[in-house]
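Subject: Structure handover

Hello,

Here is the structure for you to look at. Please open it alongside this message.

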Amino acid sequence: MSHFVIGDKVEVLDESLKGVVQEVDGNWVTVELEDGFLMRYSTSELIKTGHQLSVTNYDVAKIKNEKEIPRRKRPNTLKPKEKNAPKMEVDLHIHQLVQSTKGLSNFDILNLQLDTAKRQLDFAIRKRIQKVVFIHGVGEGVLKEELHYLFKKYDNIKFYDAEYQKYGLGATEIYIYQNS
């Protein structure tokens, strides 16, 4: 049980009331609440506040070491889903490629997107990256068709719709054969 003295800051348990001890009479304490009212409480209904607990970093580390349970390290194994995860994503949304589309026609935008796709595809082939997802969005389907036309020019790749759960209908995944 806490020993209360006049001037202690206290809070009432089970209620959101705070105040300052004004009088102590055995197990009864008179508290002036924040709103100015005087209330009488049993010492078991009050808790001192305003005291700061001093704990050093050393104390914290000691407690942490005592409570720490040694864990076995698991080897980093790839889950089947991760083995099939694409290695590279290319977002062809125009706002990802340029700061502003001001002054660009639809033709300019499409050519910028296609140039980016070709550059990234060539990069993936050079770096021997097997899977690339091109995020083109749904829209009118013009970019998607142009991308498919571009991909057909390459002998060493196949392409298909990317994972629906992740990209919806707005992405095409390509697989690059590495045997050449």
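Below is what was found, taken element by element. Please keep in mind that this is a predicted model.

**The four-stranded sheet**

Four strands make up an open sheet. Their order is β6-β7-β9-β8, and the pairing is mixed. The edges are β6 (88-91) and β8 (157-161), each of which pairs on one side only. From one strand to the next, the twist averages 20°.

Look at the β6 edge. β6 and β7 (residues 131-135) run parallel and are joined by four bridges. One residue to pick out is Val 90, whose bridge partner in β7 is Phe 134.

A helix also packs on this sheet. That helix is α5, which touches β7, β8 and β9 (171-176). The direction of α5 makes about 160° with that of β8.

**The α4 and α5 pair**

Two packed helices are described by the angle between their axes and by the distance between those axes. Here the axes of α4 and α5 come within 11 Å. They cross at roughly 40°, and the crossing is right-handed.

Which residues make the contact? From α4 they are Leu 110, Gln 113, Leu 114, Ala 117, Lys 118 and Leu 121. From α5 they are Val 142, Leu 143, Glu 146, Leu 147, Leu 150 and Phe 151. By class, the contact has nine nonpolar, one polar and two charged residues.

**The largest pocket**

The largest pocket holds about 330 Å³ of space. Its lining has 15 residues. Nearest the centre are Ile 109, Leu 110, Gln 113, Val 142 and Leu 143.

Which elements give two or more residues to this lining? They are α4 (106-126) and α5 (142-152). α4 gives the most, with four residues. So the helix pair turns up again here: Leu 110, Gln 113, Val 142 and Leu 143 belong both to the α4 and α5 contact and to the group nearest the pocket centre.

The class make-up of the pocket lining is six nonpolar, seven polar and two charged residues.

**The β3 and β4 hairpin**

Strands β3 (residues 28-33) and β4 (residues 38-42) run antiparallel, with five bridges joining them. Val 29 of β3 stands opposite Tyr 41 in β4. The hairpin has four residues between the strands. Gly 36 takes a positive phi there, near 95°.

Over to you.

Best regards

Terms used: Residues are numbered from 1 along each chain as its sequence is written. This is a predicted model: local features need pLDDT of at least 70, side-chain atom pairs count only at pLDDT 80 or more; totals for chains, interfaces and linings use all residues. Side-chain values use heavy atoms; hydrogens and water are left out. On a 1 Å grid over the protein atoms alone, a cavity is a set of points where a 1.4 Å probe fits but cannot get out, and a pocket is an open set with protein on both sides within 12 Å along at least five of seven lines; lining residues have an atom within 4 Å of a point. Grid points are joined across faces, edges and corners, and a volume is the space filled by probe spheres set on the points. Ala, Val, Leu, Ile, Met, Phe, Trp, Tyr, Cys and Pro count as nonpolar, Asp, Glu, Lys and Arg as charged, and the others, Gly among them, as polar. Axes are lines fitted to C-alpha atoms, for helices over the stretch in contact, and angles run from 0 to 180 degrees between N-to-C directions. A crossing is left-handed if the near helix is turned anticlockwise from the far one by less than a right angle, and right-handed if clockwise. Contact means heavy atoms within 4.5 Å. Two strands pair if DSSP finds at least two bridges between them.
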